[in-house]
Amino acid sequence: MNKLSSGLIGLGALAGVTPALALEQVLIDTDKPAQNWSIDSKQLGIETDKPFSITVRTLHGGRQEGVSLIDIDNGSMRITVVPTRGMNVLRAVAGDVKLGWDSPVDEVVNPAFIELNSRNGLGWLEGFNELVTRCGYEWIGHPGLDNGELLTLHGRASNIPASKVTLSIDEKPPYTIRLKGELKEKAFKKVDFAITTELATDPGSLRFTLNDTLTNEGDYSQEYQVLYHNNFGPPLLGQGSRFVAPLKQVSPFNEKARAELSSWQDYRGPTEGYDETVYNLVPYGDDQGNTLAVLHNAAGDLGIAVDFNTNQLPVFSLWKNTDTKGQGYVTGLEPGTSFSYNRSLQRPLNLVPTIGPKEQRNFQVGFSLLPKKENIEAALKKIDEIQAGRGIEVKEAPLVKLDKN
Amino acid sequence: MNKLSSGLIGLGALAGVTPALALEQVLIDTDKPAQNWSIDSKQLGIETDKPFSITVRTLHGGRQEGVSLIDIDNGSMRITVVPTRGMNVLRAVAGDVKLGWDSPVDEVVNPAFIELNSRNGLGWLEGFNELVTRCGYEWIGHPGLDNGELLTLHGRASNIPASKVTLSIDEKPPYTIRLKGELKEKAFKKVDFAITTELATDPGSLRFTLNDTLTNEGDYSQEYQVLYHNNFGPPLLGQGSRFVAPLKQVSPFNEKARAELSSWQDYRGPTEGYDETVYNLVPYGDDQGNTLAVLHNAAGDLGIAVDFNTNQLPVFSLWKNTDTKGQGYVTGLEPGTSFSYNRSLQRPLNLVPTIGPKEQRNFQVGFSLLPKKENIEAALKKIDEIQAGRGIEVKEAPLVKLDKN
Amino acid sequence: MNKLSSGLIGLGALAGVTPALALEQVLIDTDKPAQNWSIDSKQLGIETDKPFSITVRTLHGGRQEGVSLIDIDNGSMRITVVPTRGMNVLRAVAGDVKLGWDSPVDEVVNPAFIELNSRNGLGWLEGFNELVTRCGYEWIGHPGLDNGELLTLHGRASNIPASKVTLSIDEKPPYTIRLKGELKEKAFKKVDFAITTELATDPGSLRFTLNDTLTNEGDYSQEYQVLYHNNFGPPLLGQGSRFVAPLKQVSPFNEKARAELSSWQDYRGPTEGYDETVYNLVPYGDDQGNTLAVLHNAAGDLGIAVDFNTNQLPVFSLWKNTDTKGQGYVTGLEPGTSFSYNRSLQRPLNLVPTIGPKEQRNFQVGFSLLPKKENIEAALKKIDEIQAGRGIEVKEAPLVKLDKN
């Protein structure tokens with residue numbers, strides 16, 4: 001607890017001062033620009049099975065000029081967070097397994113260079129390449145007019161730079177590493193949201209969790225929507241990969257998805273001209289609403305479990321973008337308050353919740369890499385237990401009749 | 001005149017070189033980025049009743065990344081200017097009195113992160129939080145189509161970073177402090193405006209003035225509009241606060257304002273669901289066109305006088321946004337060339353002036369804090385003198401028939 | 001080859017290491033921000049008739065905050081490249097001759113401050129002021145709807161900052177100086193283009209060449225368009241200046257140009273109210289498709305030759321913007337894949353080519369200053385040889401019937 005690099009304060013070393021933390025370091029703030037910086041477990045005098053480190057760096061050139069990245073290497077998994085893009089998780093790499101995907105967008109694009117309103121509201125696509133892309137909070141969903149206003153694809157959250165970013169490390173085992181970032185989604189007369197995001201992971205673990213709190217700082221009730229666009233490519237995704245979750249209902253997003261409804265849980269390999277199919281799912285949770293969704297490979301020996309709470313995130317979009325690798329071979333496991341229709345189409349579905357003045361909404365999403373057959377079997381068993389023998393209602397027709405599929 | 005920090009040149013100390021200035025310092029220029037910097041009266045060897053200082057700093061994180069602020073503390077009032085946002089005045093604080101207001105937008109937003117065209121032309125609202133927000137110069141007013149082109153709310157001036165910023169301090173009493181910044185509002189074939197802005201204040205004073213010059217650098221006559229969106233919240237604004245000005249005419253902006261026409265000079269306290277009412281005023285000036293408008297609190301012992309010239313700024317919008325504090329409890333005292341209708345609606349009112357090639361227009365606006373009853377009484381007396389017993393024409397109907405109020 | 005400034009490596013000095021280069025220096029990259037830097041022939045130990053130098057600097061203030069410029073002074077001509085704006089060539093100055101023009105836009109505008117979608121898709125005009133402005137690559141042409149999507153003026157290339165910029169200098173005479181920059185024009189599901197740009201010039205020369213390669217990195221065929229918007233003002237352009245090229249066909253862009261068809265090769269002096277006329281040209285090339293276009297002054301003793309290849313760039317727009325100097329007195333010599341109509345109007349003309357997956361297209365454009373009568377005569381002779389006595393088909397009617405001229 002004493003080999004600190006100059007300028008760092010090992011809080012645990014100071015008697016009586018926030019004794020629960022070994023480190024609390026502001027990385028970005030009003031008076032503190034993001035700067036190249038790193039710390040590791042050795043410097044902190046923390047002994048763990050595998051040493052961990054956190055690194056801050058800034059990207060230059062192209063449309064990524066000025067973008068900050070924070071790499072949290074917990075010893076088993078290196079998780080890369082993008083403060084400049086809504087604290088999104090760019091990727092998480094454990095050995096030769098990468099959580100995330102290969103988007104044609106290979107820069108980490110600074111929102112300063114994006115016009116969300118371009119391409120008829122599809123400007124968001126010019127920056128989309130993360131493992132976890134936050135969608136919200138004023139709205140999510142496809143672009144289109146709602147009350148005469150063009151809502152751009154999936155809202156603004158991913159294009160809001162975090163205004164204060166803080167790293168903390170617990171003083172005691174498991175020495176949990178926490179990275180907090182604050183987002184402000186504000187416009188006079190329109191919206192007054194503050195979002196506190198937190199990513200937590202334990203040294204040596206193959207898991208990280210997001211713990212986000214939306215606060216309506218305004219004096220009026222406000223509609224909101226949130227969706228975690230969690231995106232996975234190979235090696236988790238491949239021909240014969242399979243999606244499993246405890247479900248009350250499944251329905252196709254549109255007519256195209258309806259045509260493949262019988263195989264909605266199964267994945268194709270990269271398929272030329274496939275584009276995408278999307279399924280709207282209503283998950284079951286346990287008594288507390290806790291639930292999970294699993295994606296695993298064909299061999300059943302590598303997978304991911306995404307856990308969340310149906311009281312917070314009641315619906316789920318399964319995005320199957322099994323087009324060619326170059327086009328972006330990827331699937332989205334997307335718990336949310338809402339499906340991916342334009343907001344105007346979700347009000348009749350009661351999927352546009354409101355948040356009262358000063359109210360808060362908490363959203364917790366966990367990501368566990370399942371590296372072995374037994375991990376997957378355990379996760380599937382948990383799913384079975386939540387399903388508890390209940391049938392899945394399969395709706396043949398999309399919930400919404402779209403003009404264009 | 002000799003205790004200068006290294007690198008600074010006290011011009012007054014150099015015989016024959018611009019003897020009128022104690023300091024002339026370029027703060028931002030093509031080859032000079034904004035950098036943390038400060039100077040004070042002591043360093044300059046200037047003795048005033050109250051010491052003054054000027055500080056330059058840069059904000060980081062969130063949507064305010066890279067925004068520069070210049071604080072001019074004249075000893076009695078600390079005035080904060082935002083070069084990155086059109087040399088707007090963020091706030092002015094004198095003791096426990098703040099000129100300005102609390103917008104839900106609590107960052108000072110870098111224009112790089114704003115799409116003025118978003119929200120159907122209301123993107124401007126994502127950065128609106130200043131005491132003085134410059135509106136113009138190509139157009140001002142509500143968003144909407146004019147000749148088939150979407151004009152965004154209140155023009156671009158506030159989202160243009162100043163291209164050269166210079167601080168100067170007079171060598172002799174009252175040692176006037178001047179901050180100049182240049183704005184370029186240019187687009188090939190569309191507009192060729194240069195705006196020189198100046199903020200001046202004297203050490204120890206409760207007053208500052210803006211002295212702006214618009215130059216049409218183009219070879220063609222061009223329409224222009226300008227409006228000083230001067231915004232005040234508590235403690236000046238409160239239940240029973242009152243607005244007074246010498247006036248020729250008052251009319252409601254729209255049907256909603258018409259319903260409260262009888263109490264147009266009086267303010268409500270924070271009122272849930274109130275939104276805003278706006279009144280269109282035509283002020284009287286004195287022989288030279290000089291005039292003023294006063295806002296004072298219910299007790300009549302704290303107020304502000306905004307002075308301007310009706311030859312430069314012939315009309316005035318009174319914006320009464322007495323909604324809840326969280327929504328933004330604020331009133332705007334807004335002299336301008338025009339009201340706040342879309343430009344297309346102001347041509348018939350003859351409120352879209354033109355500026356010939358190479359012509360200039362000067363706009364001077366003064367802000368005097370009125371800290372005592374006698375200051376307010378003196379200001380009201382001046383208003384009375386200008387009014388000179390003439391009646392105010394009260395138009396019941398809005399000047400413009402709007403489809404939507 | 002040995003007087004290197006510290007930190008630089010004269011590659012030629014290292015036996016066996018890239019022996020063809022005297023210098024290879026990355027100026028901007030993911031981990032390397034643009035920084036003030038310079039090198040000259042003396043430092044490199046290279047002896048040329050005229051010493052050369054390359055300088056990197058960054059602009060500050062206004063809408064040019066953070067824009068990088070690279071000046072290549074080859075001893076005879078100083079060429080200024082803007083990495084932040086698509087590797088455009090801002091200007092090239094040889095003695096008292098400037099290639100380029102004086103736009104009302106006198107800042108070099110950072111794309112972060114431009115909304116291409118503003119002004120109904122004319123936002124591009126807020127940054128337009130270069131000698132060479134790259135247009136493309138997803139589309140070029142006038143703004144307007146194509147398949148229901150607003151295409152903004154002349155595409156995005158000029159508003160994409162280069163993501164990796166490298167300077168190299170050949171080890172052997174003529175010690176060619178090369179500046180490479182990479183552009184990424186990417187959007188998930190929409191476009192996956194990479195463009196490698198290169199500008200090359202030899203010390204002491206009055207010529208530079210562009211050598212650009214567009215790669216479709218995607219898995220699908222894609223439409224593309226490219227146009228080199230090469231812009232020249234005085235002293236090349238003036239009353240009586242003349243345009244000459246070997247041509248198969250000429251037609252007026254619109255009805256306004258049709259009215260002046262008889263004098264399409266001749267230039268007016270600055271003309272109030274003129275705005276612009278545009279002519280669509282189809283050039284002849286030699287056996288290899290190589291061709292050139294010449295603009296020369298009235299005296300015929302100063303000109304420019306723009307050479308290109310008709311297999312790469314089959315059509316040519318002649319933009320005659322001979323309005324007043326203040327408005328922008330300029331002509332564009334613009335070889336391209338396409339004319340300047342909206343993309344939707346060029347498909348019927350077969351001027352919207354496609355590029356297959358992983359395919360490349362090369363575009364080479366050379367710029368030779370013609371400082372003397374004999375240079376111009378030689379260029380005109382070359383044009384004559386390519387024309388080879390064939391007649392020019394003059395089409396009276398525009399190829400496209402526009403609603404609005």
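**Inside one chain, and between the chains**

Hi everyone, let me start inside chain A: across the interface of domain 1 and domain 2 of chain A, three salt bridges are found. One to look at joins A:Asp307 and A:Arg207, where the closest N and O atoms are 2.7 Å apart. Before I go on, please keep in mind that this is a predicted model.

How many residue pairs are in polar contact between domain 1 and domain 2 of chain A? There are 24 of them, counting pairs with both residues at pLDDT 80 or more. On the domain 1 side, strand 7 (97-99), strand 8 (132-137), strand 9 (144-146) and strand 14 (207-216) of chain A each bring at least two residues to the side that touches domain 2. Strand 14 of chain A gives the largest share of that side, with ten residues. If you sort the residues of this side of domain 1 by character, you get 20 nonpolar, twelve polar and seven charged.

Now, where do these two domains lie along the chain? The domain assignment of chain A puts domain 1 at 1-218 and domain 2 at 232-399. Their centres, taken over C-alpha atoms, are 24 Å apart. The contact draws 39 residues from domain 1 of chain A and 40 residues from domain 2 of chain A. As for area, about 2,900 Å² is buried between domain 1 and domain 2 of chain A, and carbon and sulfur atoms give 54% of it.

Let's step out to the chains. How is chain B placed relative to chain A? A turn of 120° with a shift of 0.0 Å along the axis lays chain B on chain A, with an RMSD of 0.0 Å. The two copies are therefore related as by a three-fold rotation axis. To find that axis in chain B, look for B:Ala112, whose C-alpha is the nearest one in that chain, 3.0 Å from the axis. The copies use different surfaces here, since 5% of the contact residues of chain B recur in chain A.

Chain C and chain B come next. A rotation of 120°, with 0.0 Å of shift along its axis, superposes chain C on chain B at an RMSD of 0.0 Å. In chain C, the C-alpha nearest the axis belongs to C:Ala112, at 2.9 Å. Again the copies use different surfaces, with 5% of the contact residues of chain C recurring in chain B.

So what does the contact between chain C and chain B look like? It takes 37 residues from chain C and 32 residues from chain B. The area buried there is about 2,700 Å², with 52% given by carbon and sulfur atoms. In chain C, the residues that lose the most area to chain B are C:His60, C:Glu115 and C:Arg119, together 25% of what that side buries.

There are six salt bridges between chain C and chain B. In one of the salt bridges, the side chains of B:Lys189 and C:Glu276 meet at 3.2 Å, N to O. Chain C and chain B also have 19 residue pairs in polar contact, both residues at pLDDT 80 or more. Helix 1 (118-121), strand 22 (315-322) and helix 3 (325-328) of chain C each supply at least two residues of the side that touches chain B. Helix 3 of chain C makes the largest share of that side, four residues. By character, the side of chain C that touches chain B has eleven nonpolar, 15 polar and eleven charged residues.

Thanks for listening!

Terms used
Residues numbered from 1 in each chain as written. Chains lettered and ligands numbered in written order. Predicted model: local features only at pLDDT ≥ 70, side-chain atom pairs only at ≥ 80, totals over all residues. Heavy atoms only, no water. Contact = heavy atoms within 4.5 Å. Buried area = accessible area lost by both parts, 1.4 Å probe. Salt bridge = Lys/Arg side-chain N within 4 Å of Asp/Glu carboxyl O. Polar contact = N/O pair within 3.5 Å; in protein donor to acceptor, adjacent residues only side chain to side chain. Nonpolar A, V, L, I, M, F, W, Y, C, P; charged D, E, K, R; others polar. Domains from an automatic or database assignment. Least-squares fit on C-alpha atoms with pLDDT ≥ 70 in both.
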